[in-house]
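User: I am new to this structure and would like to understand one part of it well. Please take the part I name below and describe it slowly, together with what surrounds it.

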Amino acid sequence: MSNSLNLIPGSGKEFRNKEYWDKFFKIRGSKAFEWYGEYENLCGLLHKYIKINENVLVVGCGNSRLSENMYDVGMKNIINIDLSSIVIQQMSVKNKNRKEMQFLKMDMLNMEFEDSKFDAVVDKGTLDALMSDYSEKVEQDVDKMFNEIDRVLRIGGRYICVSLAQDHILNKILETFKEKGWFIRIHRIDEQDLDFYLPVFVFVLTKMKMKLPNLMLELQLDLNNDKFQRVNSIEDAQNRIKEYQHYGLTKFYISNKTIDTTDEVLLEI
């Protein structure tokens, strides 16, 4: 059996399992695995919301090149954490010449940092991996994750989450941070630049000094329009995001299906 097949989890639950990730990184070795795009796909948004001299935490860093790319353009104050001791050892060796960047084995559900340490927390696919089902245990773990991110971010700090925004994840993010009174923005990445058929979204959640009394949610989903759209409800945001998800699935279906012209084709959007 090939290494790539050995990396396929038996179920979504394995994405939350430390042993699975130790095995994953041991088999994969030093070859980077990029969830949802490379630095080039994300750098515009990262530099929009993170200043060069700010303190940055990357949760569930894996062996992505994202942190080293950020470091090489001047963001020196980066701490990376992951639950897998294997990947932390690999990344520490790989980045030994990036003296100011740290890789620490740590559980993001129970971080050892002091309160208000960071200006930004970056999450590239980590929430999606954690929230792989709808169980009560997963729900509790996600609450712990969000509360820990809240704790270690300073006022005005940003939680930048790269996600596929599946229904249950989108709803959890929006409901949680609406309740926390944070300012919410959602961007869409140009999927034409990704080797991926589903749209990828970037949530930028800003911790406010005073809890916002009402939902403040802005969308920038149209890649041909730089202006933000203010939406007044979580349902409205869900519907707009779903339009892009359905469009991505439809494109994938059409590009991967040989159509028999004698068949009637029905696409339900």
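My request is for a close look at Arg158: which side chain does it meet in a salt bridge, and where in the chain are the two partners?

Analyst: Some ground rules come before the close look. This is a predicted model, in which local features need pLDDT of at least 70 and side-chain atom pairs count only at pLDDT 80 or more, while totals for chains, interfaces and linings use all residues. Residues are numbered from 1 along each chain as its sequence is written, and side-chain values use heavy atoms, with hydrogens and water left out.

As a setting for Arg158, the protein chain has nine helices and nine strands (DSSP runs numbered from the N terminus, with helices being H or I of at least four residues and strands E of at least two). The chain has 269 residues, of which 49% are buried, where buried means under 20% relative accessible area, exposed over 50%, and partly exposed in between, with a 1.4 Å probe and protein chains only. Among the contacts with a separation of 6 or more, 67% join residues 24 or more positions apart, a contact being heavy atoms within 4.5 Å.

Arg158 meets the side chain of Glu54 in a salt bridge, with 2.5 Å from N to O; the term stands for a side-chain nitrogen of Lys or Arg within 4 Å of a carboxyl oxygen of Asp or Glu. This pair links distant parts of the chain, since Arg158 is in strand β5 (residues 153–163) and Glu54 is in the loop between α3 (39–49) and β1 (56–59), 104 residues apart. Both partners are buried: Arg158 has a relative accessibility of 8%, and Glu54 likewise has a relative accessible area of 8%. The bridge also belongs to a wider arrangement, a network of salt bridges in which Glu54, Asp119, Arg154 and Arg158 are linked.

On the side of strand β7, Arg158 is in contact with Thr206, which, leaving aside neighbours within four places in sequence, also touches Gly156, Gly157, Trp182 and Phe183. Thr206 lies in strand β7 and is buried, with a relative accessible area of 15%. The C-alpha atom of Thr206 is separated by 9.2 Å from that of Ala120, although their positions lie 86 residues apart along the chain.

The nonpolar surroundings can be followed through Tyr159. The largest nonpolar core has 43 residues, and Leu57, Tyr159, Ile186 and Phe203 touch the most other members; a core here is a set of buried Ala, Val, Leu, Ile, Met, Phe, Trp, Tyr and Cys residues joined through side-chain atoms within 4.5 Å. Helix α7 (residues 136–152) gives the most to this core, with six residues. Not counting residues up to four places away in sequence, Tyr159 touches Val121, Asp123, Leu127, Met145, Phe146, Ile149, Leu153, Phe177, Trp182, Phe203, Val204 and Leu205. Apart from this core lies another one, of 30 residues, including Tyr36, Tyr39, Met101 and Val202.

For comparison with the Arg158 bridge, two further pairs may help, out of the 19 salt bridges that the structure holds. In one of them the side chains of Arg151 and Asp115 meet at 2.8 Å, N to O. Arg151 lies in helix α7 and Asp115 in the loop between β3 and β4, so this pair ties together parts that are 36 residues apart in sequence. Arg151 is partly exposed, with a relative accessible area of 23%. The loop between β3 (102–105) and β4 (118–124) is also the place of Glu112, which is exposed at a relative accessible area of 66%. The C-alpha atoms of Glu112 and Glu148 are separated by 9.8 Å, while the two residues are 36 residues apart along the chain.

In the other pair, Asp167 and Lys242 meet through their side chains in a salt bridge of 3.5 Å, N to O. Here, too, distant parts of the chain are linked, with Asp167 in helix α8 (residues 167–180) and Lys242 in helix α9 (residues 234–256), 75 residues apart. Asp167 counts as partly exposed at 44% relative accessibility, and Lys242 counts as partly exposed at 28%, whereas Arg158, where this look began, counts as buried.
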